[in-house]
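Student: Could we go through this structure together, one question at a time?
Tutor: Sure, take a look at it and then ask away.

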Amino acid sequence: MKRESIWQQTTNIPMRPELPGKISTDIAVIGGGLAGILTAHFLEQSGRQCVVLEADRIGSGQTGHTTAKVTSQHGLIYQKLMHCAGKKQAEQYARINQEAIERYKILIEKYHIDCDWEECPACLYTKDNARALRDEYHAAKELGLPVELKKETELPFEVEEALYCNGQACFHPLKFLQVMAEGLRIYEKTKVLQVKPHILTTSRGTVEAEKIVFACHYPFVNRPGYYFLRMHQERSYVLALKGAQTLHGMYLGIDREGLSFRPAGEMLLLGGENHRTGENPRGGQYEYLLHQAELCWPGKCWRENENAVPWSAQDCMTLDGIPYIGQFGRKTEDWFVATGFGKWGMTSSMAAAILLTDLICGRENPCAEVYSPERIHAAVSAKPFLTEGMYAAVNLLRQKLIPPKEKLEQIRPGHGGVVEYNGEKAGVYKAEDGEVFAVSVKCPHMGCQLVWNPDEKSWDCPCHGSRFDYRGRLIDGPAQTTLEEEFPHKK
């Protein structure tokens with residue numbers, strides 16, 4: 001189940017046609033989210049002919065589910081960068097993200113975009129880890145970012161320390177995307193199924209392109225690049241609350257159970273409860289956020305009215321916390337990639353569009369090195385790399401060797417689980433009326449065993465983050481096919 005965000009509920013982007021068959025272009029951009037649309041726009045402005053291929057509707061993926069914070073403050077990133085990559089690359093990261101904010105402002109002014117753009121500070125806060133914030137402050141200050149430490153915030157609870165980064169912003173991402181997509185050659189409902197050096201095979205025809213940009217959240221081509229070994233995906237949850245509190249700034253807690261806050265007109269976005277995709281067997285994430293809201297604002301109750309809009313997002317997390325932006329692989333000179341944005345897709349999308357446009361147009365960009373997909377930061381990447389391998393191995397073995405623990409009769413209406421069904425291991429969802437939907441529990445991407453997510457009523461892959469609804473229909477990649485093709489649901 002894919003819930004609509006407040007951005008999707010308040011925008012009506014016109015539909016684009018499907019690919020009409022066979023076409024050719026200079027550059028094919030896979031993915032109609034913010035990264036793909038901005039990249040295509042900048043390339044068109046540079047005189048290149050572009051085509052954007054979107055599997056569903058533009059903005060329907062992570063761009064439509066973000067909390068839309070436009071900021072250079074990406075958690076405790078700068079102290080880590082100084083340690084693992086050095087000051088030069090840390091400066092590159094800070095510089096391109098600050099440039100991204102300015103580019104948004106330029107485009108909004110140039111095209112007169114009414115997208116609820118609000119300049120405001122971003123703030124990291126802690127209740128018990130002031131030392132980490134002070135270390136981040138010193139690193140960010142050394143890199144020239146507009147930061148300051150304070151003890152006070154607007155939040156409805158006391159904090160030990162708060163690190164403000166001034167001159168940041170928030171906005172309505174789909175209102176912005178809608179205007180930026182105008183004039184671009186976009187084909188929707190056109191899923192790219194296979195990519196060869198200069199040929200893309202889609203569900204609606206083929207595209208010949210001199211260069212190809214993968215801006216589709218998670219690259220679905222396993223080789224070259226091997227991004228499935230270098231990333232995992234995480235889910236996070238949001239409630240848009242009406243009548244909670246008016247905030248000016250955006251806030252993110254660095255503690256283990258820290259929450260995210262940002263203003264959105266008459267609503268307040270409360271986020272948190274991050275977990276690796278496929279690691280939410282008990283559910284209760286939205287309930288937890290509702291509980292936190294009631295603790296923050298006693299006397300308010302959002303459980304029995306329509307003033308709380310829930311949705312979730314999915315983010316690609318790299319080994320070292322830095323996106324992969326650049327040439328797709330060493331031997332694919334005409335393929336390019338933008339992925340692994342973590343929780344910071346807004347500035348990362350703009351940074352990717354700037355960097356990829358310069359790279360494709362043969363212009364040197366001094367900020368490109370830190371994002372190179374070929375980089376190696378062994379100090380922070382070695383342990384996550386081993387962890388990714390462990391997850392894949394464990395879940396492959398679970399799929400092949402470990403029998404189900406639950407029985408079909410134990411699955412309660414409205415719930416799902418892995419059982420033996422008609423002599424085979426299957427994932428079953430039992431509807432409220434008792435109807436049973438059974439699908440293969442083997443992810444078609446690389447064979448890992450799927451896990452039931454009760455909050456979203458979906459089957460999620462803990463290895464690489466593919467997701468499917470209870471009928472087996474694909475929600476998120478890198479998988480390319482539905483589960484029906486593996487094991488059709490039965491009633």
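Student: Is strand E16 (residues 324-329) largely enclosed or open, and how many of its six residues are buried?
Tutor: Let's start with the terms: strands (E, at least two residues) and helices (H or I, at least four) are DSSP runs, numbered from the N terminus. Buried means under 20% relative accessible area, exposed over 50%, and partly exposed in between, using a 1.4 Å probe and protein chains only. E16 is largely enclosed by the rest of the structure because the buried residues number five of the six.

Student: Before we go on, how far can I trust the model, and what is its average pLDDT?
Tutor: This is a predicted model, where local features need pLDDT of at least 70, side-chain atom pairs count only at pLDDT 80 or more, and totals for chains, interfaces and linings use all residues. Residues are numbered from 1 along each chain as its sequence is written, and side-chain values use heavy atoms, leaving out hydrogens and water. pLDDT is the predictor's confidence in each residue, from 0 to 100. Here 92% of the residues score at least 70, and the chain average is 90.

Student: Which strand does E16 pair with, and by how many bridges?
Tutor: Two strands pair if DSSP finds at least two bridges between them. E16 forms a hairpin with its partner, with two residues between them. The two run antiparallel, and the partner is E17 (residues 332-339), joined by five bridges.

Student: Which residue in E17 stands opposite glutamine 327?
Tutor: Glutamine 327 sits within E16, which covers residues 324-329. Across from glutamine 327, in E17, is phenylalanine 336.

Student: What is the N to O distance in the salt bridge between aspartate 334 and lysine 211?
Tutor: A salt bridge needs a side-chain nitrogen of Lys or Arg within 4 Å of a carboxyl oxygen of Asp or Glu. For aspartate 334 and lysine 211, the closest N and O atoms are apart by 3.0 Å. That pair links distant parts of the chain, E17 and strand E10 (residues 205-214), with the partners 123 residues apart. So the distance you asked for is 3.0 Å.

Student: In the salt bridge of arginine 363 and aspartate 358, which partner counts as buried?
Tutor: Their side chains meet at 3.0 Å, N to O. Arginine 363 has a relative accessible area of 40%, so it is partly exposed. At 13% relative accessibility, the buried partner is aspartate 358.
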